[in-house]
Amino acid sequence: MVQKVLEVEELKVGIKDEDGGKIAIVNGINFHLHKGETLGIVGESGCGKSMTSLSLMGLLPAGVERHGGDIRLGNLNFNSFNKKDWRQIRGKKIAMIFQEPMSSLNPVYTVGAQINEMILNHERVSKKEARNRALEMLKLVGIPRPEQVLNEYPHQLSGGMRQRVMIAIALSCNPEVLIADEPTTALDVTIQAQILELMKKIQDQLHMSIVLITHDLGVVAEMCDRVIVMYAGEIVEESLVVDLFDQPSHPYTKGLLASLPDIQEQKEYLSSISGVVPAPGKMPVGCRFAPRCSFAHERCKEVPPLFEMENGSRVKCWLYEDGETEVAAK
Amino acid sequence: MKERENVLLKVDNLKKYFPIKGGVFGNKTMKQVKAVDGVSFEVMEGETFGIVGESGCGKSTAGRTILRLLEPTEGSIYFQGKNIAELNPNEMRRLRKDIQIVFQDPFASLNPRMKVRDIIEEPLINFGVSDRREREKRVLEVADQVGLTAAQLSRFPHEFSGGQRQRIGIARALISKPKLIIADEPVSALDVSIQSQVLNLMRDLQKEFGLTYIFISHDLSVVKHFCDRIGVMYLGKMVEIADKNSLYDEPLHPYAEALLSALPSPHPLQMKNRIILKGDVPSPSNPPSGCTFHPRCSSCMDICKTERPSLQVIRDNHAVSCHLYDSPEKLAVAAGELK
């Protein structure tokens, strides 16, 4: 049995509406992360994937709260955490890299100072040792002339280099889990290829587990072992990456894959999913995808559970009710 | 394949330099950013010409310079045989009826204080359609063509989703019945499922009105899907221009090759040999000597460091700017493979 490093159960994240009610942004999702694996979370804007990742770090923005559920990292349960506990965990056990490397680095500190800060916060080392460690990290992430870069400021670096610095900071204390929230979305394809290559290499070296959040199915195909597809705050499909591309089950996943332009095949028109993602607070009753789904039927007015398929995928859709075993509510 | 005779737009040696001011009073030009540096290409009537490249390669600047939203530093732009670079502002204004633009960010390019109806109508007022009833009729017609309902016209842009805003942007461009639409990253701010809706709409409109598009994008798979011919830009220069199949099957320029290989594979089991480029795109204010790609190129030769290659036609509808194809043997191989 492969070891589970991270488990999320019935995670609910929401905002308060004007009357004090709760509007769910993430509506009770369950997943786990094995040691050394890369789990992809895909979905379109507004599906709750970023809120999921931020709640794993205890970094939800003001006004957004976790309403329930458990997050467990090894034998730690995040529910009981106060601010101090979070600070000890962040960076040490679980680290994150963000989409926009410019706005997530501090513009008034040098690169070296920002890596040192992380190391000195978590480990009992001298400043000199920290600096050496920072230098090592910069070498690990493939930054040319690392000695100089240590003394440079973020604005002196290009987008790709900044993202490498972010990765160096995130990995400087050797965390068990790395959360990468759209790590290459702001980068050009050739730079994206460099960064993805780097992440794979480092994962092999350090045996890390990665949660990769992205909207880009190409990046998923490239990087992930297992994939979770989110739609409107819920998990609609969970499967191995090969199965997701070969036999997508949920109509949303199918639609998403079909709407991608295929570089090998020439089609005059792309298939598309009609309509738009519903806004939080205005979710349809029953299956949330039903209003955009071409297979919607009477049954879809009820919320479907996750059905387990023969190949181990799990799908939240009534189409798979017959002949498939339903995963127990747990 | 498109006929060669009907050239709608011909861009010849287009340059756009931005000065970097410096000195004590900030009035001395210290350096120039060569955003677009000698770009030439032709766009045929009814085709979709794609311009791809990474950020900072000058593709958007090229698009805006063609419409003279930015004044070209040098070069000529022939639209239906007329050089637009020489037109006075009045003539230019009239000509913009025929050339319209759709911008990337549908959140920033629509005036938040105007109703959708007024946004779409405004070009008509600009181009002197004085009859209010006629304008109204046209607005309804165009709104219908892009899939907006009459009720939606009295709303404000913030009430719409990204995809719908882009429809508004397209309606605004379409209302003056242009011949050429420059679409500057029209779908890159949209989610995939919405992106395909907008691309399908653009294709429908092209068929219906015989539109010509210049489609600027950084997304190689979207460009492959949507365009007929494609120009690849790097640091302000066109390094390769070709029919899309010719380009994607057999890219000639080392940069185009690396760019295509950098695309994430469409399937997890289909891993490809990737050419990982070293380093980053150099700054356009201080481009490398000779071929601007040479510091990152794996097949760099001595000549590349000193001499700037020029665009040469290698085979049917396929031109490349690279010294690799200077020698006759190499040229024959590249050309022979296709024939």
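Visitor: Which residues does His323(B) touch, not counting residues up to four places away in sequence?
Guide: This is a predicted model: local features need pLDDT of at least 70, side-chain atom pairs count only at pLDDT 80 or more, and totals for chains, interfaces and linings use all residues. Residues are numbered from 1 along each chain as its sequence is written, chains are lettered from A and ligands numbered from 1 in the order in which they are written, and side-chain values use heavy atoms, leaving out hydrogens and water. Touching here means contact, that is, heavy atoms within 4.5 Å. The residues touched by His323(B) are Met301(B), Ile303(B), Cys304(B), Glu307(B), Arg308(B) and Pro309(B).

Visitor: Is His323(B) buried or exposed?
Guide: Buried means under 20% relative accessible area, exposed over 50%, and partly exposed in between (1.4 Å probe, protein chains only). His323(B) sits in the loop between β12 (318-320) and α11 (328-336) of chain B. Its relative accessible area is 6%, so His323(B) counts as buried.

Visitor: Which residue has its backbone oxygen 2.7 Å from a polar atom of the His323(B) side chain?
Guide: A polar contact is a pair of N or O atoms within 3.5 Å; within protein, one must be able to donate a hydrogen and the other to accept it, and residues adjacent in sequence count only if both atoms are side-chain atoms. At 2.7 Å, the backbone oxygen facing that side chain belongs to Glu307(B).

Visitor: How far does helix α4 of chain B reach?
Guide: Helices (H or I, at least four residues) and strands (E, at least two) are DSSP runs, numbered from the N terminus. The expected span of a helix is 1.5 Å times one less than its number of residues. α4(B) covers residues 132-145, with 14 residues and an expected 20 Å. From first C-alpha to last, its reach is close to that, at 20 Å.

Visitor: Within what arc do the buried residues of α4(B) fall?
Guide: Arg135(B), Arg138(B), Val139(B), Val142(B) and Ala143(B) are the buried ones. They line one face of the helix, because down its axis they share a single arc. The arc is that of the directions from the helix axis to the C-beta atoms. Its limit is 130°.

Visitor: What do the buried residues of α4(B) pack against?
Guide: The face turned away from the buried side carries exposed Arg133(B), Lys137(B) and Asp144(B). The buried residues pack against two helices of chain B: α3 (116-126) and α5 (162-174).

Visitor: Which residue caps the N-terminal end of α4(B)?
Guide: A side-chain oxygen lies 3.1 Å from the backbone nitrogen of Arg133(B). That oxygen belongs to the cap, Asp131(B).

Visitor: Which residue forms a salt bridge with Glu121(B)?
Guide: A salt bridge is a side-chain nitrogen of Lys or Arg within 4 Å of a carboxyl oxygen of Asp or Glu. Here the closest N and O atoms are 2.7 Å apart. Glu121(B) lies in α3 and its partner in α4 of chain B, so the pair ties together parts 14 residues apart in sequence. Both are buried, and the partner is Arg135(B).

Visitor: How many residues apart are Lys59(B) and Glu185(B)?
Guide: They form a salt bridge, with closest N and O atoms 3.8 Å apart. Lys59(B) is in helix α1 (residues 59-66), and Glu185(B) is in the loop between β7 (180-184) and α6 (192-209) of chain B. Both are buried. This pair links distant parts of the chain, with a separation in residues of 126.

Visitor: How many salt bridges does the whole structure hold?
Guide: One network links Glu37(A), Arg226(A), Glu238(A) and Arg314(A). Over all chains, the salt bridges found number 28.
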